[in-house]
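Subject: Structure for your review

Dear colleague,

Please find below the structure that I am handing over to you. My findings follow it, and I would ask you to read them with the model open.

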Amino acid sequence: MKLNIALSLFALGAVNAFTPQVNGPTLTALSAIPGPGMPPGSRMATQSGPPPNMAQAPAPVRPAPIAKSPSVTVQGGSLKTWAFASPAVERVQVVLKTEGRPLDADVELWAGPDNTPHKMRVYVENGATRPFNAVMETPRGPNTVSVRNIGQLEFPMEAVIEAVSAAGPL
């Protein structure tokens, strides 16, 4: 009987040895290495235990677009342009997609009063599963975005150009 009591007390003590004890911030081997921008010899404390409650953190809200064009079909071999005359437009988002066909296009930003071209060549095998999406900065003055479908007539694409506010996240 005494042996059973001693074994049960020993077993309870062993169970407590495997439970994590959270007393506050602890240093781990990874946090002991100073990261970029940290002075040498400094250490970062990490907290062990359950992660903080993420449900209470506010989700970032994307600002409403300034101007959004409807979806425009750009046939193979044709050119479409969108002009933004207002200097308040500081970013433009370009979205190009197809219905599962190859996407081959030239995207140009004609910036400023002298229409300095900034060119991109875009090629995607399947524009439905991998649509092209880019955000271009358009500072200082009137800007124009042009999309030229280099593909054949059988490969049309859909283009949406959206003026995005620079105040919020992308």
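The protein chain contains one helix and 11 strands. Along the sequence the helix comes at the start of the pattern, and the strands follow it: α-β-β-β-β-β-β-β-β-β-β-β. Please note that this is a predicted model. The mean pLDDT of the protein chain is 75, and 58% of its residues reach 70 or more. Residues 44-48 call for particular care, since pLDDT stays under 50 there. For this stretch the model has 14 contacts beyond four places in sequence.

Some overall values come next. The protein chain has 170 residues, of which 28% are buried. It exposes about 11700 Å², and carbon and sulfur atoms supply 62% of that area. Among contacts between residues at least 6 apart in sequence, 73% join residues at least 24 apart.

I then turned to the interior. In soluble globular proteins, nonpolar side chains tend to be buried together. In this model, the largest nonpolar core has 23 residues, and those that touch the most other members are Phe-84, Val-94, Leu-96, Val-145 and Ile-161. Which strands supply at least two residues each of this core? They are S5 (79-84), S6 (91-97), S7, S8, S9 (132-137), S10 (143-149) and S11 (157-164). Strand S7 gives the largest share, five residues.

Val-145 is a useful residue to select on your screen. Leaving aside residues up to four places away in sequence, Val-145 touches Lys-80, Thr-81, Trp-82, Phe-84, Val-92, Val-94, Glu-108, Leu-109, Met-136 and Ile-161.

How many salt bridges does a search of the whole structure find? There are two. Side chains of opposite charge can pair when their charged atoms come close.

One salt bridge joins Arg-91 and Glu-137, whose closest N and O atoms are 3.0 Å apart. This pair links distant parts of the chain, for Arg-91 belongs to strand S6 and Glu-137 to strand S9, 46 residues apart. Are these two partners buried or exposed? Arg-91 has a relative accessibility of 14% and therefore counts as buried, the cut-off being under 20%. Glu-137, at 47%, counts as partly exposed.

The other salt bridge is formed by Arg-121 and Asp-104, with the closest N and O atoms 3.1 Å apart. Because Arg-121 lies in strand S8 and Asp-104 in strand S7, the pair ties together parts that are 17 residues apart in sequence. Here Arg-121 is exposed, with a relative accessible area of 56%, whereas Asp-104 is buried, with a relative accessible area of 16%.

Finally, I would draw your attention to Asn-115. Where is Asn-115 placed? This residue sits in the loop between strand S7 (103-111) and strand S8 (116-124). Asn-115 is not a glycine, yet it has a positive phi of about 55°. With a relative accessible area of 44%, Asn-115 is partly exposed, because that value falls between the cut-offs of 20% and 50%. The C-alpha atom of Asn-115 is separated by 8.1 Å from that of Thr-144, a residue 29 places away along the chain.

Yours sincerely,

A colleague

Notes. Residues are numbered from 1 along each chain as its sequence is written. This is a predicted model: local features need pLDDT of at least 70, side-chain atom pairs count only at pLDDT 80 or more; totals for chains, interfaces and linings use all residues. Side-chain values use heavy atoms; hydrogens and water are left out. Helices (H or I, at least four residues) and strands (E, at least two) are DSSP runs, numbered from the N terminus. Buried means under 20% relative accessible area, exposed over 50%, partly exposed in between (1.4 Å probe, protein chains only). Contact means heavy atoms within 4.5 Å. Accessible areas come from the Shrake-Rupley method with a 1.4 Å probe; for residues, only the protein chains shown count as cover. pLDDT is the predictor's confidence in each residue, from 0 to 100. A nonpolar core is a set of buried Ala, Val, Leu, Ile, Met, Phe, Trp, Tyr and Cys residues joined through side-chain atoms within 4.5 Å. A salt bridge is a side-chain nitrogen of Lys or Arg within 4 Å of a carboxyl oxygen of Asp or Glu.
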